[in-house]
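Colleague: Could you walk me through how to read this one? I'd like the idea behind each feature, then the case in hand.

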Amino acid sequence: MELPLLHLALVGTPNSGKTSLFNALTGSRQKVANYPGVTVERKEGFFVTPLGRQVSVVDLPGTYSLRGRSPDEEITRDFVLGKASGETVPDLVLCVADSTNLRLTIRLLLELKRTGRPMVLVLNMFDIAARRGITVDVERLAKELGLPVVTSIAVRRGGTANLLKLTDEISAKLAAEAEASSWRALSVSELRATQREADRIIADCVSLPARPDTWTARIDAVVLHPVGGLVVLTLILFVMFQAVFAWAQPAMDLLKSGFDALGELVQATLPDGLLQSFLQNGVISGVGSVIVFLPQIILIFLFILLLEDFGYMARAAFLMDRIMGGAGLHGRAFIPLLSSFACAIPGIMATRVIDNKRDRLTTILIAPLMTCSARIPVYTLIISAFIPAKDVWGFINLQGLVMFGLYAAGIASALVVSFLIKFFMLRDFAPAPFMLELPDYKMPRLKSIAIGIYTRAKMFLVRAGTTIFSMMVLIWFLASFPQPPAGATEPAIEFSLAAMIGKALEPLLAPVGFNWQIAVALIPGMAAREVAVAALGTVYAIEGGKEAAEQIGQVLATKWSLATALSMLAWYIFAPQCASTLAVIRRETGSWAWMAVTFTYMLVLAYAASLLTYNVAVALGAG
Amino acid sequence: MTDTNDTRPHMPLGLAQRGYTGVIQHLSAREAGSALSDIELESRLIELGFVEGARVEVLHEGLVGRDPIAVRVDSITIAVRRREAMAVIVA
């Protein structure tokens, strides 16, 4: 007889190693989605126990209590209580604890017990605890708590064997009738009493070493030094960007020549005509020009995930708290803003770690100003076409300097906007508290990082395969139809729908130096900013033939003035047109108005910046 | 182990210098002037382990205004702004 799917839920404090346990249990059999109505990420995975029972496990957001003061905590509470809409009540709750740091988890566990759900305490990172001389009397702990306790080393092969075995044992005799929940929000005195009880249990069952982790203390002596810490942070950011721009290049070149070869193959095997043009100009060069950026996206997520798993992200927030506070930002906004350098979407979603509504809103509004990876293609293309690769002051590459300047301009404008929001709109609120656990450093686990990168790369490729692909087909269609009349001497695109749309928009964009080809490229940029590059490629390829598609940078250098190129760069610092970012803002703020505000203010800034850049450049003779 | 804690004057953790060690005497959220309500601030402090009798040590300070501070609370390290740390009375 096939047993029904067993539902597990992982609960624990932040930094308890919940996610590495989740990854160890499920591997890549994961589904990432959102809970209905809220934006908390819902991660579900599947595995099979040694006895063949099918198990679904949900990784709930990290929380210190069930009070539900943030969306994360509400989800955790409702899920465990079986109140979350559309969710199955978990058959078994796994409360995950960092074995080196039991205080907060045991208190959470005592609170969780009141929900009446069958529960197991998982002592994770048991190897690290043992190495540090922490001994836990597991049997006594189980007796004191009145529930099964199992040790686990999520990061080691076979480290979850005990847990799997226990899951089988428990599922075999799982009582059909769960106890009734007696949970209600704890008062301050109950909370205090619970922590006391937790401390008593720990004193009875756990012997702690006299000294804390010496490695963490040694690293923190440097990394949290008021001045040295900021130097280290700057260095880390520098290496990160260096890696993204320099180290990714060989892989990107390889991908690019692969797509070029594929395009040539299509050109050589298919007869001239619409089908050849569609495959070569629309599909291969269009989608290919976006997929080329996969190495950069993988690298930036590699850094973010490494820093997060290592435990550095909380330190970065600590260092930046007061500095960002000057611009009206919360220290916790640092992590979302840093993620926004990869893409504003995960960045905006990461703002849920900020529990003050207005701090969160400010962060969401400025996150799109951080230079996301989708702008890199546009920047790279224009810089390599227009900025000479010479050295200034002997050692700094001018192209790199311009790239750095664009990033700096994005950050500076974000700080100014944040300051203005604080000053004009949200004047009347006291700064929200900054309270954050600084976890002990841990060696990041390769498998966990790999799974994290894999899910994000997959998201990117799916987007390239769907949204970007369909936009490219549309652009190709607009640029190819209607076909030129027989005997026409002008390039075919002059007769197309794209040219009509672009020329209709041209008067609006002429003051900032954009021609109709740019106007056409900006429209599909709505789907994803990087599509603008591919769209320019398609437009000029259909206009100028095959050579143009391969050498788009050189074509631009002959078709655009330097002033237009600079104006385009200035536009892209703000680049309001990213439909997915706007959709996420709408979802995260729950309001169309804030989405409209974001779009409008970025559009105004983009137009103003381009107008200024173009006119100054023309005045200086670059027109 | 020092047993001088009974005789030392009580002070808010928010005024403590780097290197200070002491024991939490009580919480007094009203003193803090935080944006949070008294009950909310007290609850959150307890949830992060700031309970009576816990040993604290100020490990690190930020650059601007020596704020925030990183505090060792028994076996864990918590980053907190001085404003909120004013609610924790130590000796």
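Modeller: We'll go from the overall fold to some helices, then to the contact between chains.

Modeller: This is a predicted model, so local features need pLDDT of at least 70 and side-chain atom pairs count only at pLDDT 80 or more, while totals for chains, interfaces and linings use all residues. Residues are numbered from 1 along each chain as its sequence is written, with chains lettered from A and ligands numbered from 1 in the order in which they are written.

Colleague: How many helices and strands are there in chain A?

Modeller: Helices (H or I, at least four residues) and strands (E, at least two) are DSSP runs, numbered from the N terminus. Chain A has 27 helices and twelve strands.

Colleague: What share of chain A is buried?

Modeller: Buried means that 20 or more other C-beta atoms, placed from the backbone, lie within 10 Å of the residue's own (exposed is 12 or fewer, partly exposed in between). That holds for 47% of the 623 residues in chain A. Helix H16(A), residues 357-366, has eight of its ten residues buried, so the rest of the structure largely encloses it. Asp359(A) and Arg360(A) are among those buried residues.

Colleague: Where does UniProt place the "transmembrane region" feature?

Modeller: UniProt positions are in the numbering used here, feature names are shortened, and annotations may be inferred rather than shown by experiment. The unreviewed entry lists several stretches of chain A, including 361-389 and 592-614. Residues 592-614 are 100% helix, with end C-alpha atoms 33 Å apart. Residues 361-389 are 62% helix and 0% strand, with their ends 40 Å apart.

Colleague: What span does helix H12(A) reach?

Modeller: The expected span is 1.5 Å times one less than the number of residues. H12(A), residues 294-310, has 17 residues and reaches 24 Å, close to the 24 Å expected. Its buried residues include Pro295(A), Phe301(A) and Asp309(A). Gly311(A) follows the helix with a positive phi, near 105°.

Colleague: Which residues count at the contact between the chains, and how many are there?

Modeller: Two residues are in contact if their C-beta atoms, placed from the backbone, lie within 7 Å. By that rule, 32 residues of chain B touch 32 residues of chain A. On the chain B side, H1(B) gives the largest share, six residues.

Colleague: Which strands pair across the two chains?

Modeller: Strands pair if DSSP finds at least two bridges between them. Here three bridges join S12(A), residues 435-437, to S5(B), and the two run antiparallel. Glu437(A) stands opposite Ile78(B) in S5(B).
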